[in-house]
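Student: I would like to learn how to read a structure like this one, feature by feature. Could we go slowly, with the general idea ahead of each case?

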Amino acid sequence: MYTVPKIADYSPETLDRAAAEAVAAFHAEQKAALEAAKNPDMGMVERGNAMRAFRDRWVARKNGVLTQINELWLKRCPGESKRNVGQKANYLRAIISAGVEDAERDANFYLLAAPDVLRKLATNDASALGAADGRLAFERLDISLPGIHRPIGVKHPVLRVMDEIVAVFKAMGYSVGEGPEVETDYYNFESLNFPPNHPARDTQDTLFIAGQESKPARDRLMLRTHTSPVQIRTMEQQPPPVRIVIPGKVHRNDPLDATHSPVFHQVEGLAVDTNITFCDLKGTLDHAMKALFGSSVKTRFYPSFFPFTEPSADMQVSCIFCGGKGCRKCKFSGWIELLGCGMVDPNVFDFVKHNGYDSSKISGFAFGMGVERITMLKYEVEEIQLFYEGDVRFLEQFA
Ligand code: DAH
């Protein structure tokens, strides 16, 4: 068996000869290892071991031939030969590591084959094997081998919380709706009572589909910036009463930071009937928050503004980390802002008047919440980007 020789003089000729000897020895051992891998008289484990021994002998960090070449040739040569010896050593490393991989790839083909198949191959008796039979023989499944573990995975935390929110409302008799992610200006803004020059309509905030300039403004397409357009779509489809929740993906032209992502998820809610009051809104959302965060959580409603609700409110929950005492997470206020809501503006009902939405007879409330935000609070996730990176080390914590 080949052993790495010490080199007396580092002349180019000596180096060439030494390298050629190493390559020849490598090829001889590569051939022998492959033969072992195909040997029908050796057991499967033994054949596998022969390949592993071959790999270790040549490329193992500890005392493999390549390592020895580094030690005996490169480290010991005088400074003026370093460059030449280094180039030779690199050349050998390239040839030998590629050769080991080639051999392993070839050997894999044989390692699992049964002895009778190997024997037929060894006699090169193609007719005995038959092309199709040969293939089948190779593809034969050995059910005594250990299986490959394929974990089935778990629901993504954002989807899981979205489903949880939806389930809370389903239990109160709400149905579930969906709408398109590519929306028109009409549904995303106009019918929700946004004035024509509202800043949200600007390309600074909203992602528009290109090449829509020739269309009337209300028909221009964009990626919906909230799930609220599905309120109108629902009311166009069904007369009152309505109780619906709408989970979905929304888009904004926001730069990515720890709490913002240009793509995120919302759950929208809408209830319309005769005699719906702000009390119904408060009671419904208070119940939902207790179901999501635990019965000790409190809610409060803070005046706000949305074009499609009047009056509008921001709903806050008592801080789920400190219970309302004040901490870093709630900025020492004891409260955390969670969603927008309000009584449906009569101007919105006017867009669906023809379908039984007469604002002198019916009323309703609506709300919209960010799913990522709620998930981050529930699971104390501090970076929104973790939800989108697909890193198993993060995701498996939700298993
Ligand atoms: N659409 C609002 C947003 O994305 C959230 C919202 C506020 C939805 C009030 C509502 C509502 O239905 O009544 O910021």
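Tutor: Let us begin with a single pair of residues in what is a predicted model: Thr 299 stands opposite Val 317 in strand 7. The pair belongs to the antiparallel pairing of strand 6 (residues 299-306) with strand 7 (residues 309-318), which are joined by seven bridges.

Student: What holds such strands together in general, and through how many residues does the hairpin join strand 6 to strand 7?

Tutor: As a general idea, the strands of a sheet pair through backbone hydrogen bonds, in either a parallel or an antiparallel sense. In this case the hairpin that leads from strand 6 to strand 7 passes through two residues.

Student: Which strand pairs with strand 7 over eight bridges, and which residue stands opposite Met 315?

Tutor: Strand 8 (residues 335-344) pairs with strand 7 in the antiparallel sense over eight bridges, and Leu 339 in strand 8 is the residue opposite Met 315. Strand 8 is in turn paired with strand 9 (residues 363-370), again in the antiparallel sense, over five bridges, and there Cys 341 stands opposite Phe 367 in strand 9.

Student: In what order do the strands of the open sheet lie?

Tutor: The open sheet has seven strands in the order 1-4-5-9-8-7-6, and its pairing is mixed. Its edge strands are strand 1 (175-176) and strand 6, each of which pairs on one side only. Elsewhere in that order, strand 4 (residues 242-251) and strand 5 (residues 263-273) form an antiparallel pair over 10 bridges, in which Ile 246 stands opposite Glu 268 in strand 5.

Student: Which residues lie around the ligand?

Tutor: The residues around the ligand are His 226, Ser 228, Glu 268, Phe 306, Thr 309, Gly 340, Cys 341, Gly 342, Ala 366, Phe 367 and Gly 368. You have already met Cys 341 and Phe 367 as an opposed pair, and strand 8 and strand 9 each supply at least two residues of this shell. Sorted by class, the shell has four nonpolar, six polar and one charged residues.

Student: How should I read the packing of helices, and at what angle do helix 1 and helix 4 cross?

Tutor: Two packed helices are described by the angle between their axes and by the distance between those axes. The axes of helix 1 (residues 12-38) and helix 4 (residues 82-111) come within 10 Å and cross at roughly 10°. Since angles under 35 degrees count as roughly parallel, helix 1 and helix 4 are therefore roughly parallel to each other. By class, their contact has 18 nonpolar, three polar and three charged residues.

Student: Is helix 3 roughly parallel or roughly antiparallel to helix 4?

Tutor: Helix 3 (residues 65-74) packs against helix 4 at an angle of about 170°, with the axes 10 Å apart. That angle makes helix 3 roughly antiparallel to helix 4. On the helix 3 side the contact is made by Leu 66, Ile 69, Asn 70, Trp 73 and Leu 74, while helix 4 contributes Val 85, Gly 86, Ala 89, Leu 92, Arg 93 and Ile 96. The residues of this contact divide into eight nonpolar, two polar and one charged.

Student: Which peptide bonds are cis?

Tutor: One is the bond from Pro 240 to Pro 241, with omega near 5°, and Pro 241 is found in the loop between helix 10 (229-237) and strand 4. Another is the bond from Glu 310 to Pro 311, with omega near -5°, but here Pro 311 lies in strand 7.

Student: Where is Asn 275 placed, and is Asn 275 buried or exposed?

Tutor: Asn 275, whose phi is near 60° and thus positive in a residue other than glycine, has its place in the loop between strand 5 and helix 11 (278-293). Asn 275 is exposed, because 8 other C-beta atoms lie within 10 Å and 12 or fewer count as exposed. Lys 331 likewise has a positive phi, of about 50°, although it is not a glycine; it sits in the loop between strand 7 and strand 8 and is exposed, with 11 other C-beta atoms within 10 Å.

Student: Which residues does Phe 398 touch, leaving aside those up to four places away in sequence?

Tutor: Phe 398, in the segment after helix 14 (392-395), touches Val 154, Pro 157 and Arg 160. With 14 C-beta neighbours inside 10 Å, Phe 398 counts as partly exposed.

Terms used: Residues are numbered from 1 along each chain as its sequence is written. This is a predicted model: local features need pLDDT of at least 70, side-chain atom pairs count only at pLDDT 80 or more; totals for chains, interfaces and linings use all residues. Two strands pair if DSSP finds at least two bridges between them. Helices (H or I, at least four residues) and strands (E, at least two) are DSSP runs, numbered from the N terminus. A residue is near a molecule or strand if its C-beta atom, placed from the backbone, lies within 6 Å of it. Ala, Val, Leu, Ile, Met, Phe, Trp, Tyr, Cys and Pro count as nonpolar, Asp, Glu, Lys and Arg as charged, and the others, Gly among them, as polar. Axes are lines fitted to C-alpha atoms, for helices over the stretch in contact, and angles run from 0 to 180 degrees between N-to-C directions. Angles under 35 degrees count as roughly parallel, over 145 as roughly antiparallel, 65 to 115 as roughly perpendicular and the rest as oblique. A residue is buried if 20 or more other C-beta atoms lie within 10 Å of its own, exposed if 12 or fewer, and partly exposed in between; C-beta atoms are placed from the backbone. Two residues are in contact if their C-beta atoms, placed from the backbone, lie within 7 Å.
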